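Work through the exercises below with the model open. Try each task before reading its solution.

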Amino acid sequence: MRITIVGPGALGCLLAALFSKAGHQVSLLDHQVSRAALLDRKGVCLVEGSRRQVYAVRATTKPAAIAGSEALLLCVKSADVINALAQTAPLIKEGPLLVSMQNGLRHLPILQDSAGAPWALAVTAMGATLATPGVVRFGGAGFTHFGFLKQAADERLAVLVELFNAAGMRAGISPDIEAAVWDKLLINVGVNALTAIYDCPNGKLLALPKARETMRQAVLEAAAVAEARGIKISPDPVGRTLAVCRATAGNISSMLQDVRQGRGTEVEAINGEIVRLAATFNIPAPVNERLTSLVLNISTSRSGG
Ligand code: KPL
């Protein structure tokens with residue numbers, strides 16, 4: 001299967017390195033010319049503990065250069081999905097399977113309205129931290145769920161899932177991907193904003209009683225919204241959030257990476273989306289509201305804007 005990864009951020013680089021390590025030819029589609037040139041020339045460096053290994057990838061900003069992809073893994077941020085779909089339009093026309101791997105919920109209506117190809121969702125609990133462009137630290141293994149929301153199933157998804165497993169990434173097809181998306185959302189609700197606020201790796205939150213309590217309240221608010229929407233989330237969302245903190249203890253969450261790099265964060269697609277949905281059910285969500293505004297303030301002051 002010819003795989004193209006759209007977006008060489010932390011997750012995109014991790015997947016590119018692990019597929020390349022497993023012997024696949026991987027293409028990375030970027031929107032930044034200089035970064036694409038760097039990755040194409042130098043490959044992706046995977047850092048695991050004290051080991052560093054470089055893997056060759058084909059990186060470009062030109063979809064025409066990587067025509068014929070059978071699967072497109074969309075690894076951009078939720079807010080960038082719309083631009084990524086526009087950039088990949090020439091590849092999408094070829095009818096590949098599009099797999100959307102974002103945190104949060106805000107990209108879902110965009111995909112529903114304008115994916116332009118068969119699409120599936122994926123949510124992963126793998127941790128990855130981008131040290132510098134093309135240099136990614138593996139922050140902890142975790143399961144990746146794939147599935148179709150309302151769209152017709154496409155058999156290429158099973159092939160892709162097999163490739164993930166063969167490349168050492170535990171993965172499976174979920175019969176209820178919406179529930180899996182919400183399970184992951186609840187984890188991001190509990191972890192990401194707090195790591196950005198406390199400026200610490202995921203595991204450090206476990207040692208901060210105040211942060212743990214805020215995490216518990218934020219996750220329970222989100223679980224109440226999920227329940228009101230009729231989503232069948234897995235039991236014990238707080239326990240599962242703590243478990244992810246343990247499994248990815250050394251990882252810098254994607255939100256903290258964004259804050260440190262002076263980029264916009266996904267807080268509005270994660271905690272902010274809980275606040276928005278909670279309001280539609282008249283459910284109070286003061287903790288998520290506070291987390292959203294704290295992170296917005298932090299990222300505004302860090303980016304100097
Ligand atoms: O999804 C993540 C993220 O950082 O966005 C977790 C699983 C919390 C790992 O850091």
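The exercises go from the whole fold to its domains, on a predicted model.

**Exercise 1. Find how many helices and strands the chain has, and judge its compactness.**

Step 1. Count the elements: there are twelve helices and twelve strands.
Step 2. Take the radius of gyration, which is 18 Å.
Step 3. Set that beside the globule rule, which gives 19 Å for 305 residues. The two values are close, so the chain is as compact as a globular protein of that length.
Step 4. Add the box: along the principal axes, the C-alpha atoms fill roughly 50 × 45 × 35 Å.

**Exercise 2. Describe burial and surface for the chain.**

Step 1. Apply the cut-off: buried means under 20% relative accessible area.
Step 2. By that test, 55% of the 305 residues are buried.
Step 3. Turn to the accessible surface, which comes to about 12,900 Å². Carbon and sulfur atoms hold 54% of that area.

**Exercise 3. State how charge is distributed.**

Step 1. Count side chains: 30 are positive and 23 are negative.
Step 2. Locate the centre of each set. The two centres lie 8 Å apart.

**Exercise 4. Split the chain into domains and examine their contact.**

Step 1. Read the assignment: domain 1 covers 2–175 and domain 2 covers 178–303.
Step 2. Take the centres over C-alpha atoms; 23 Å separate them.
Step 3. List the contact by side. Domain 1 gives 20 residues and domain 2 gives 22 residues.

**Exercise 5. Find what share of contacts join residues at least 24 apart.**

Step 1. Keep contacts between residues at least 6 apart in sequence.
Step 2. Of these, 69% join residues at least 24 apart.

Note on methods
Residues numbered from 1 in each chain as written. Predicted model: local features only at pLDDT ≥ 70, side-chain atom pairs only at ≥ 80, totals over all residues. Heavy atoms only, no water. Helix = DSSP H or I, 4+ residues; strand = E, 2+ residues; numbered from the N terminus. Rg over C-alpha atoms; globule rule 2.2 N^0.38 Å. Buried < 20%, exposed > 50% of the residue type's maximum accessible area, 1.4 Å probe, protein only. Contact = heavy atoms within 4.5 Å. Areas by Shrake-Rupley, 256 points an atom, 1.4 Å probe, with all protein chains shown as cover. Lys, Arg positive; Asp, Glu negative; His and termini not counted. Charge placed at Lys NZ, Arg CZ, Asp CG, Glu CD. Domains from an automatic or database assignment.
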